[in-house]
Structures are given as structure tokens and as C-alpha cells.
Amino acid sequence: MKTYLKYLFIELGLIFFFVFLLSPLFIREKFDINREGGQAIFNLSTGKIFTQKIGEEFSNLNSLSLQLKNPMINNNSEITVEIDDLNNNLLQEFTFFGSNVGDPSWVKLKFTPLSNPGYQIKIYADIDPRHNLYLYVNRDNQMDLKATSYLPGFFNRFQDNFYYQIGQLKARSEIDNIIYFTVLILLNLYLLKLSLTRS
Amino acid sequence: MAKTIWTNDLKKIFVFAFILRLIIAPIFYHPDIKSQNFDFQFLAQRKINIYQYLENNRKSLPNTDTFNYLPLVYFSFGAQQIVLKNILPSNFSIWLNDWGLDQNNYPNLFYYLLILKLPYIFFDLGVGYLLYKIYNKKILSLWLFNPLSLYLIYVLANFDVVPVFFTVLAFYFLKKSPASLAYIFLGIATALKLYPLLFLPFFLFDQKTNIKKLFINILAYLLPLVLTIMPFIFDSSFIKEFSGSGLTQKLFESRLLNIPIYPVIYFIVFLYYIYSKNKKVETAFLTLFLTFIALVNFHPQWLLWFLPFVLYPISKNKKWLILFIATIALALAYVLLINDHFLFWGHFIPIDPFFVQLNPPYFIISQRLHLAPETIQLYLKYILAFVSLLFLIPSHENLS
């Protein structure tokens, strides 16, 4: 029996660590928006401002990622990203240079979590008629955007992950769930029997 | 050679090993298993020449990776997928062809991975059984419960465990008559991946031989390879796709005075082996393994090739065991510094797809610590070469 408990402890320990513990330990944010598939069509080097509203309510918005294209990394003008609230009050401002943008690349902007009913994101760059610099935008004028919100507190994350894993389990094929867990239980019963039998 | 008596202890080892694998297999992911199965699906569509099909249709396919494996891989794993499809959950084909933003958001990914890795479990346990037959229970446990082989087989999830099984089966028959079967199985392994060719000369000269025997053994070895390659050998698309696999180039990469070092060391080890009275294939393979890690820019899954053979010598010598663990730790540190999301956090996608968004060690070292991971990798190689040299220091413990 003692030997079997050792086996069971290892099995349950593995499941607990990988399925329930790893994610709340390391994942501290989740996607609110994860949108790509646009084209490099909005030319920022003309001095135009691209404005995007995020209508949904985010609690703890803590990062934005935009997809930009700096062909041959030629453009080194200053690029500004503003995050305003819906009344045009500036909440965050970021500036970086064209040399920080790939051909193409995602630019991630991290900030202390914001909790507002909505946001306006404004992106603009210095005018540079010699070299183009593009923002990825789709046909509906929505830019490629990844927005994440911060998940505070280990126990909250643990709880969220627990419910997420249960949800995933329920979403999986029912017949496969039944077979999988039956096989695991039967094998464990056999292992228990072997452990109780003297060799 | 141990006689199989299915004692309680032995049954417990296998049952527990099986349970562990059923737990581990579905929770780790690497895109190679998807990419390979993406290509294998075309056998069910009766595409016999996969190389030509991919070349002609690459632009219209959702995955544009090349298929740089041998024909037997395509036919055997394609057939396996046809069989497994009956037990794979719905949407498997949709997942296989989805390389977009939602490719990791399939709840059934857990079962796709488990079922696709089921054959690996059987080959892995098969290797364990053969090691038990060749050596003893200690080597069996070392194989089944060491984290390195679990990582290489179920986390990286390449099919290398299949040729590994056939090389160990060949070794089993080499130690047992009829030895010619050994060469057929080594040939099957080579028809799946070319690396067992490195083992062939050692197998050929393991026992006293003559020209006739040598000729028959080489013929037996070449048979599976020739039979499976023959229909494609003059096909330009096969040559083009297959030349993308980098083992041969990588073996010749490290040079001193423009002389490739690994082939020279290989040749020296082989000569030493031929002329030694007490031939020990395992010790020769351990030397080749260590120089391989130190001198070749290896893909992590390649470490599995030598593993079953080196377990015996390292289990017999405490100093070697410690050095071996150090070598493996350094080799894994080297792997973690490769610029690839899927060699670190990406493995945990089946648990939470967000893992792929986390920064891998490469990014943290280059962006936060402002160090060049490639330089660290180079230093790791130097340390690996040094640690490998330590194996040469004579030890009081003898191999029995």
C-alpha cells in the first residue's frame, strides 16, 4: 500500500504542478484582444494620425501590442502611441524610434494597469517623405492589436485557472474523457493490486 | 542476457511507466508533431510522391514547411494516421490545417497529442523491454524514468523514438543469433532516419567477421533503405526536400585547420574499437555521444539516438554518471538558449495557449540582461568539450 501511495503521489503531483500550478505561477495576464490578419496599409510617415477606439470595458489593461512595418529598417523617425480615455484625457504616452521597428514586427507597450470604461489609441509618427512606415490595418479599419489585462493575486489566478481547466475538460470530446479517465483508473487499480501482492 | 520473468516488480515498473506517459503525453506540445502530421495526412488522399506534391502545391497549402524525411517515414506514419483517425476526436483535420491565430485554441488538442503520441509510448516501452532483456532492471528503470528521455520523446515529440527502437532491436539481435536480423533492423532504422549509419561500422566489426559475412550483412542493412528510397531516388523534388535535413552538414561543421573534427574523432574511436581485444560498443557510443554534443550543433531530439546505449556504461561508473548528468544539464541549457518560443513556454500550450506569449530565456537574456545568447551557447560548448574530456581520465571502477 505504501508503495502504491508513492506512485499515486507522483501522478497527482505531476497533474497538480503542470495543470493547476504552472499557469497561475507564470501567466499574469490574459488577452482581451488578439487580432491580426491586417495589411501594412496605413502609412504613418505621412504624418496622419491613426485612431482606434476600444469600446469594451477592460479592468487592469496592462499592455498593447501593435504590428508595424519599417521596410528595410530605413525610417528612424519618432513614433508616438497615446492611450486616452473616451474624453480625450491622456492616460499613457509612449515614444520610440523607427529603428526599434522590424520589417515587420510587433511592438509591445507595457504600463501599469488601467481600469477605464473605454480607450482611444492614437498612433502617429514624424513626417518622413523619404521612407515609409506602416501600421497593419484590416479592411474594417481595425488595426492589428493585442491587448492584455493584468491578473492580480496568485490565489485569484489559481482559481481562474482551476475553472478554466474544468471548462476545457468539459469542452473536450466526452467519449475520449470517459475512455481516458477509465484507463487511468483501471491502470491505477492494477498497480494497487500489484503493490498489495507479494512478489 | 536476462530471461523475461514477469515478476511483480517488473509489472509495476511497466504499469507505472505507462501511467506516467499517459499523463505527460497530452500536456506537452511542440509544432513538429503537427507539422509532420500535416504532411502525413496526404497519404490518405493517395498522394504517393509527397515530395512532388508539396513542391507543386506549397503556395496553396496552409503550412509551407518542407518535408525533409525519408519515404518510409511518410508511408509508415501516414498509414498510422489513417488507423488512428478512427479514434481521434472530431475537428482533428481542421486543427491540422489551421495555422492561423486560433491554432492553439482547440480543447481537444489534449487528445490529439495523446493519440498521436500513443505509438511513441509503445516504442518507448519496447526500448525499455529490450534494454531489460539485454542488460537488467536497473537499465530498464534508468531508461523509463529519466527526465531526459521523457522530455525528448513526449515534450519534443519527434518520431526519433521509432528508429531508436529499431537500433536497440538491432543491438539485441547482434548480441543474439541470428545476427543478420540485426542488420535488417538497423537498415529499417536507417530508412526512417539516416543517423544509424553512424552505428553500422561498429555493428559490422562487433564480432569476428570475414569478407563474405561482411558483404551479406551490408546487403541486409541496405535492403530496407534501397527498397524504400528506390522509387524516389531520381526525383528532383525528393533530392531538393531531403537535402534540407542537416545532419551531414552539421557533422562536418566544426573544423580545425579546415579539417572536420567530428569525422576525425569518429574514425579514431572506430579504429580503437576495431583493434581493442575487449570490444565494448556502448563505451565507443558514449565517446561518440559526448563528442557529438560538444562538436555538433545538434537538434535537441538527436540526443535520444545514443541514449539507450550510453545508459549501461554510465550506470557502471559513479564518476561517469555524475559527469553525464552535468553534460546533459549543459546540453539542455544550450537548448533553452535557442531562439524558439516552442522550445520553452510553447510546450505548455495544451495547458494554456497564453504560454506562447511569455518571453523565452533567449529574449530575457538578450533584451533584459543585454547578453548575446549565442555567445553563451558557444561558452557552453567549450565547457561541454571540457567535461567530455574528463571522461577520458582513467577510473578505478571497471566495466563488467
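**Figure 1. Best-connected members of the largest nonpolar core in this predicted model.** The largest nonpolar core holds 127 residues. Leu131(B), Ala170(B) and Phe185(B) touch the most other members. Helix H6(B) gives this core its largest share, 16 residues.

**Figure 2. Around Ala170(B).** Which residues does Ala170(B) touch, leaving out those up to four places away in sequence? They are Ala182(B), Phe185(B), Leu186(B), Ala189(B) and Phe203(B). Phe185(B) thus appears here and also among the core members that touch the most others.

**Figure 3. A second core, separate from the largest one.** This core has 19 residues. Leu64(A), Ile83(A), Ile121(A) and Tyr134(A) are among them.

**Figure 4. Where chain A meets chain B.** Chain A brings 29 residues to the contact, and chain B brings 25 residues. Four elements of chain A each supply at least two residues of its side: helix H1 (2–26), strand E1 (29–35), helix H2 (154–171) and helix H3 (174–196). The side of chain A that touches chain B is made up of 16 nonpolar, eight polar and five charged residues.

**Figure 5. Helix H1 of chain B and its cover.** Helix H1(B) runs over residues 8–24, 17 residues in total. From first C-alpha to last, H1(B) reaches 24 Å, close to the 24 Å expected at 1.5 Å a residue. Which residues of H1(B) are buried? Ile13(B), Phe16(B), Ala17(B), Phe18(B), Ile19(B), Arg21(B) and Ile24(B) are. Their cover draws on both chains, including H1 and H3 of chain A. From chain B, the cover includes helix H6 (109–134), helix H7 (137–145) and helix H8 (147–155).

How values were computed:
Residues numbered from 1 in each chain as written. Chains lettered and ligands numbered in written order. Predicted model: local features only at pLDDT ≥ 70, side-chain atom pairs only at ≥ 80, totals over all residues. Contact = placed C-beta atoms within 7 Å. Nonpolar A, V, L, I, M, F, W, Y, C, P; charged D, E, K, R; others polar. Expected span 1.5 Å × (residues − 1). Buried ≥ 20, exposed ≤ 12 C-beta atoms within 10 Å, placed from the backbone. Core = buried A, V, L, I, M, F, W, Y, C linked by C-beta atoms within 7 Å.
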